[in-house]
Amino acid sequence: MSRAEEELRSIVRKLLERKDVELVLGYEYYGRSVRPCFVSKPEEVERLVWNSDCWFNLATYLRSLRSRRVGIVAKGCDGRSIVELVKENQVDRGSIVVIAVECNGVFKPFKYGSTHVGRRLADYCRRCVTRVSPVADYLVKKGGQAPEDENTVAGDNASDWLSLFRKCLKCMACVKACPLCYCTECSIEGFKPDLVHRLRVPQELFTFHLTRALHMAGRCVECGACESACPVEIPLTRLYHELNEWFRENYGYAPGMSLSEAPPPLVFKEGGED
Amino acid sequence: MGLNPYAPKPARIVRIRDETPDTKTFTLSPNCFEGFTPGQFAMLTVYGVGEAPFSICSSPLNKDCLQFSIRRMGRVTRMIHEARVGDEVGVRGPYGRGWPVDRMKGRDILIVGGGIGLAPLRSLVLHLLEGRENYGEIAVCYGARTPSLLMYRDELGEWAGRGVKLYLTVDVGEEGWEGSVGVVTTILGKPELDKADAIVCTCGPPVMIRFVLRRLVELGYSKENIYASLESRMRCGIGKCGHCHFGGKHVCLDGPVFQYREMTSLPKGISPF
Amino acid sequence: MLFLDEDGFKRLLEQLVSNIRVIAPVETDGYFEFKTIKHGGEASLDYSNTRLPPKRFFLPQREVVFKHDPKTRALHEPMGGLEAVLLGVRPCDASALNIFDSVLLKPPNPDPFYESRRRSITVVSLSCAKPREECFCNVFEAGPIRGSGEDITLTRITGGFLVEARSRRGQSLVEVSASLFEEAGPEHLEEYGELTCRLTREMNSRIEISRERLVRLEATLDEGFFQQAAQRCVECSLCSFTCPVCYCFDTEDYFEKNAYVRTKGWDTCASTLFTRMASGLDPRVSRVDRFCHRFCHKLSRIPMAFNSFGCVGCGRCVSLCPVGVDIREVLKRWG
Amino acid sequence: MSWKPRVIVFTCWCSSSGVDQAGFEGFTYPPNVLTVRVPCSAVINPSLIVKAFEKGADAVLVTACRPSELRRVAPSRVTEARVSLLRRLLRTIGVEEDRLRILWISSNEGSLFSREVSRILGEVERLGPLNIGGSMVEQG
């Protein structure tokens, strides 16, 4: 057990004992990997772990727990998505206790049938700019050992997006793993079958992915949950990163960095630069 | 290579009758079925729009046409409602298990319907009326929200004239309504039948079925003889698509008509209990 | 049982490739995928398993099942089915075909599209060399050596393969190139026995299940356990899309190129639309219900309706699930 | 028959009269240009533009009111921003960004429209067919 884990557990134990929160979202060991867990009793605190396998973004659960006081273990990017959720009025900042953990990047999750043996730092973590969550009630420093890249192969730079899209199964794992994809009537899930229908594979994969990209533009916090959840490993975060770059270049805005910063479309003023 | 079970046979709409403000009865011809049991359903296709299951509400002895009473609900039913006489639709079926007509010979029969739930029961009533002398008492308890939402209003009188005891009720009365007011469970006690032996067939919204079943048992009807027609979303009608697979039973194969005891073993949600 | 040496296998593969469409695992970007191969060398047989099951060759993700031309009133019933050999299917994935057979070919209404594909594709399975951590095919007797839906079972032993024809179609494929095969000797059979023991021993999951108890899962559901596990589930439906057994489908109708078309394609029970009716009624409203359904369907509902388990233990859902939902936990508890 | 690019033009209410005028005044523009009229350029959902590409368009053109001629500037600016974002997205996935353009057209600029469309058509012809729909169909 690392010192960071020890610190994390003591914070969570304190929170639960003082009944500051009903439940804490964290990670637990599960076989070789790590999975999300919900801790609600102080004696369960020993389950909590924190290491470089904790790639899942726990903020995804926040909306379904809206009515409760929840503590959440948040990496830098998770914290940014909490900021976005608060800004979009999806969760109440007052009911969330953010336990920020300093993150040095996470590994790509091990996937079924992969021939890669070594662990590899996720591509999106190489681009990471926020090691610590911008919102934090508690801070666990020096989280997780610095992941060692056992694989010298650089991130795959395949640029043939059309063939990447063609692999897609339209299983919606990217949508469901994303903390910011919360629309109850998702236009690409088949509620409005005229735009994208779930069965139209591979005919509508292009529209599906580009529509999702457009919806994520300027909102995506690049936590990589979609990419890591994807069963065929489409590097979606790279696509969304490009669109975020556009926002940065044009408006100097990056999503999820501060609670007071409104997204550019909202501050759009009439008679702007013209 | 067998026959394609997903391909509907074309049929034309020959008559459209307004039943209630949101329900129409469509008469389709030709009747492409070789025969069916009352209570079975068919898949209707609006070409290019979609397909949905509907109970057949015409008599199985009518060899010329099929009738379906359809309430305006989703995409498919909206398009059917916009159809006109002469338009072509697709039909495939008949699917599922209908009412236990073989068990009804010589017994009293109680039919309990609610709202549009009378559609599969109409088929049964018409079937029973064809051989009226083979059965004991036939009673129909039928309830709707308002008098204007009663289905087959023109026919109900005719049924009564042919030896069916008719008990009507509405949840909310309207001007000119002299019948009983209240939910259908309030009139279930009225028919005087041989309760131990009578066969009960019921169809309606899930909530109604739940309370009707409870009331029937209270009244002393035998659980062995109580049947209800349930509904669920389905895509294929032949037990392949998995949408109507609840607790080991396919609504499209083992239903839509279930016996009381079968219903108790269905998982919650689909089970009326 | 027959023996085929390495050289014979290469020659057999070349023969097949020149005569018929051969689909075999090919390595791309660190994973193996089933692809049509042009020459024998493309196929790689040193794979743990393909990332996606070969389900799509039998039950495509989307296929046209019906076409109707309103002008000419002609009905087109497009039928698929190109003769092919599917080589190197792992026993678990091959066993999934057996489940498809019992569901989709169940009389009186067999699915003609599946039937024609099943008839035109010869499935050659290849025993596993080393079970992966998440494998539990032994639980359902779907591997690691022999599956139950294949036409030919290949077992890799020193110097070649043991060949077992499991169906008439498999038999005829063997007969066509009979000269390549030889009768398996006692030393081969001995190795086969040892291999079976070793692989079963190496299987990570030792879950004892009893059919009778599992089938009653439906009735003995412990809501608490499922509620806890369902809390984690994000309903991404990845499990049903990568499952070799999940067969549920949806249909879509549309108008295209002067014809009304109906397609059917994979659906998933994790979707909130799966059981929702047009009236808005939904027998399976809550997330827990939908979550339970996946396990009940595989372990209790399919066995009740079709007499075979709906899981083959390939481990894809276990490994790919982003939140670590594990069907083995259910098996351990209720098996 | 040689390949002709298919171009979809989304026109706002005002600029559509400019397009009409091109017809009235006898300016020609090629027949493989299909126009879709919408109330305002700002209601064009970018997904529809994407879908147009997938459905076989080789280029998409959005015509909108000049911001300087509008009492409210926002709508055209919104469209401009969206198109610019979408162009970035197209470039990222390897589709030539020039296949999507925005054009300021007033209601009396029929000649400008026909001139611009012909020019753009020429450029698209040089770029060649896009055929995303075709490339998305499964191979193997």
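**Exercise 1. Strand pairing in chain B**

Task: In this predicted model, determine in which sense strands β7 (residues 109–114) and β8 of chain B pair, and over how many bridges. Then work out whether the residues of β8(B) are buried or exposed.

Solution:
- Step 1. The two strands pair in the parallel sense, and six bridges connect them.
- Step 2. For a reference point in this pairing, take B:G113, which stands opposite B:Y142 of β8(B).
- Step 3. Strand β8 of chain B spans residues 138–144, and seven of its seven residues are buried.
- Step 4. Sort the side chains by direction. B:I138, B:V140, B:Y142 and B:A144 point one way, B:A139, B:C141 and B:G143 point the other way, and all are buried.

**Exercise 2. Two domains of chain B**

Task: State where the two domains of chain B lie in the sequence, and describe the side of domain 1 that touches domain 2.

Solution:
- Step 1. Domain 1 of chain B covers 9–95, and domain 2 covers 101–229.
- Step 2. Taken over C-alpha atoms, the centres of these two domains are separated by 23 Å.
- Step 3. Count the contacting residues: 16 from domain 1 of chain B and 15 from domain 2 of chain B.
- Step 4. On the domain 1 side, β1 (9–20) and β5 (66–71) of chain B are the elements that give two or more residues.
- Step 5. By type, the residues on that side are six nonpolar, eight polar and two charged.

**Exercise 3. Cis peptide bonds**

Task: Find where B:P30 and B:P94 lie, and give omega for the cis peptide bond that precedes B:P30 and for the one that precedes B:P94.

Solution:
- Step 1. B:P30 is in the loop between β2 (23–29) and β3 (41–46) of chain B. The cis bond joins B:S29 to B:P30, with omega about 0°.
- Step 2. B:P94 lies in strand β6 (residues 88–95) of chain B. Here the cis bond joins B:G93 to B:P94, with omega about -5°.

**Exercise 4. Positive phi in chain A**

Task: A:N89 has a positive phi, and so does A:E222. Decide whether A:N89 is buried or exposed, and do the same for A:E222.

Solution:
- Step 1. Phi of A:N89 is near 60°. The residue sits in the loop between α2 (76–87) and β5 (96–101) of chain A.
- Step 2. A:N89 has 7 other C-beta atoms within 10 Å, so A:N89 is exposed; the cut-off for exposed is 12 or fewer.
- Step 3. Phi of A:E222 is near 55°. Its place is the loop between α6 (205–216) and α7 (225–229) of chain A.
- Step 4. A:E222 has 27 other C-beta atoms within 10 Å, so A:E222 is buried; the cut-off for buried is 20 or more.

**Exercise 5. Contacts between chains**

Task: Identify which pair of chains has the most contacts, and describe how helix α8 of chain A crosses helix α3 of chain D.

Solution:
- Step 1. Four pairs of chains touch, and the most contacts are between chains B and C.
- Step 2. Set aside the pairs without contact. Chains A and B have closest C-alpha atoms 11 Å apart, while the nearest C-alpha atoms of chains B and D are 19 Å apart.
- Step 3. The axes of α8 (residues 236–251) of chain A and α3 (residues 74–92) of chain D come within 10 Å and cross at roughly 145°. The crossing is right-handed.
- Step 4. α8(A) contributes A:L239, A:E242, A:L243 and A:W246, and α3(D) contributes D:L85, D:R88, D:L89 and D:T92.
- Step 5. The residues of this contact divide into five nonpolar, one polar and two charged.

Technical notes: Residues numbered from 1 in each chain as written. Chains lettered and ligands numbered in written order. Predicted model: local features only at pLDDT ≥ 70, side-chain atom pairs only at ≥ 80, totals over all residues. Domains from an automatic or database assignment. Contact = placed C-beta atoms within 7 Å. Helix = DSSP H or I, 4+ residues; strand = E, 2+ residues; numbered from the N terminus. Nonpolar A, V, L, I, M, F, W, Y, C, P; charged D, E, K, R; others polar. Axes fitted to C-alpha atoms, helices over the stretch in contact; angles between N-to-C directions. Left-handed = near helix turned anticlockwise from the far one by under 90°. Pairing = 2+ DSSP bridges.
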